[in-house]
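Here's a quick briefing for anyone meeting this structure for the first time. Have a look at the sequence and the model, and then we'll walk through them together.

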Amino acid sequence: MAFSATNMTPLGTGNGFTLWHYKTTDAIAAVNSSAYFNDYAEHLNVRDVIIVCDTNTPTTSFVNVLSISASNVVDVSDGTAIAETDGD
């Protein structure tokens, strides 16, 4: 699947930084591929953090924007998974 701007929500901003929430059915391996967020490059800044919720698996991961090239190629980190276990 491809990036969907309607599933990207800013949660908070300040000092040139934005925390985002992104809901998708794409696996984190697709989302963290270079160029996945290219269509949204004008809204992102280097070091922004995106909480990626894969509703298909389901998993939640944090990625951060590593770079945005002059031609708007967005590269994000591989992602840090949030453990979703229940000790009960």
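Which residue in strand 4 does C53 stand opposite? That would be T60. Keep in mind that this is a predicted model. The protein chain has one helix and six strands, and read from the N terminus they come in the order β-β-α-β-β-β-β.

**The overall picture**

- The radius of gyration of the protein chain is 13 Å, close to the 12 Å that the globule rule gives for 88 residues, so the chain is as compact as a globular protein of that length.
- Measuring along the principal axes, the C-alpha trace spans about 50 × 30 × 20 Å.
- Of the 88 residues in the chain, 33% count as buried.
- The accessible surface comes to about 5100 Å², and carbon and sulfur atoms account for 51% of that.
- Take the contacts between residues at least 6 apart in sequence: 45% of them join residues at least 24 apart.

**Strand 3 and its partners**

- Six of the six residues of strand 3 are buried, so this strand is largely enclosed by the rest of the structure.
- In a regular strand, side chains alternate between the two faces of the sheet.
- Here, V49, I51 and C53 point one way from strand 3, while I50, V52 and D54 point the other way.
- Strand 2 pairs with strand 3 in the parallel sense, over six bridges.
- One place to spot that pairing is W20, whose bridge partner in strand 3 is I50.
- Strand 4 runs antiparallel to strand 3, and six bridges join the two.
- Strand 3 and strand 4 also form a hairpin, with four residues between them.

**The nonpolar core**

- In soluble globular proteins, nonpolar side chains tend to be buried together.
- The largest nonpolar core in this model has 16 residues.
- Those with the most contacts inside this core are F3, M8, Y22, F37, L44, I50 and V74.
- Strand 2, strand 3, strand 4 (59-68) and strand 5 (74-76) are the elements that give two or more residues to the core.
- V74 makes a good stop on the tour: leaving aside neighbours within four places in sequence, V74 is in contact with S34, A35, F37, N38, A41, L44, V65, S67 and I68.

**Aromatic rings**

- A search of the whole structure turns up eight aromatic pairs.
- In one of them, the rings of F3 and F37 have centres 5.4 Å apart and planes at 65 degrees, so this pair is edge-to-face.
- That pair links distant parts of the chain, with F3 in the segment before strand 1 (8-14) and F37 in the loop between helix 1 (28-31) and strand 3 (49-54), 34 residues apart.
- Are these two rings' residues buried or exposed? F3 is buried, with a relative accessible area of 13%, and F37 counts as buried too, at 1%.
- Another pair brings Y22 and Y36 together, with ring centres 6.1 Å apart and planes at 75 degrees, so this one is edge-to-face as well.
- Y22 sits in strand 2 (residues 17-24) and Y36 in the loop between helix 1 and strand 3, 14 residues apart, and this pair also links distant parts of the chain.
- Y22 counts as buried at 1% relative accessibility, and Y36 is buried with a relative accessible area of 11%.
- Ring pairs link F3, W20, Y22, Y36, F37 and Y40 into a cluster.

**Two loop residues to look up**

- A27 has its place in the loop between strand 2 and helix 1.
- With a relative accessible area of 38%, A27 is partly exposed.
- A27 and V52 are 25 residues apart in sequence, and their C-alpha atoms are 9.4 Å apart in space.
- S77 lies in the loop between strand 5 and strand 6 (80-81).
- Unlike A27, which is partly exposed, S77 is buried, with a relative accessible area of 14%.
- Not counting residues up to four places away in sequence, S77 touches N32, F62, V63, N64 and L66.

Notes: Residues are numbered from 1 along each chain as its sequence is written. This is a predicted model: local features need pLDDT of at least 70, side-chain atom pairs count only at pLDDT 80 or more; totals for chains, interfaces and linings use all residues. Side-chain values use heavy atoms; hydrogens and water are left out. Rings of Phe, Tyr and Trp (its six-membered ring) pair if their centres lie within 6.5 Å; planes under 30 degrees apart count as stacked, over 60 as edge-to-face and the rest as tilted. Buried means under 20% relative accessible area, exposed over 50%, partly exposed in between (1.4 Å probe, protein chains only). The radius of gyration is taken over C-alpha atoms; the globule rule is 2.2 Å times the number of residues to the power 0.38. Contact means heavy atoms within 4.5 Å. Accessible areas come from the Shrake-Rupley method with a 1.4 Å probe; for residues, only the protein chains shown count as cover. A nonpolar core is a set of buried Ala, Val, Leu, Ile, Met, Phe, Trp, Tyr and Cys residues joined through side-chain atoms within 4.5 Å. Two strands pair if DSSP finds at least two bridges between them.
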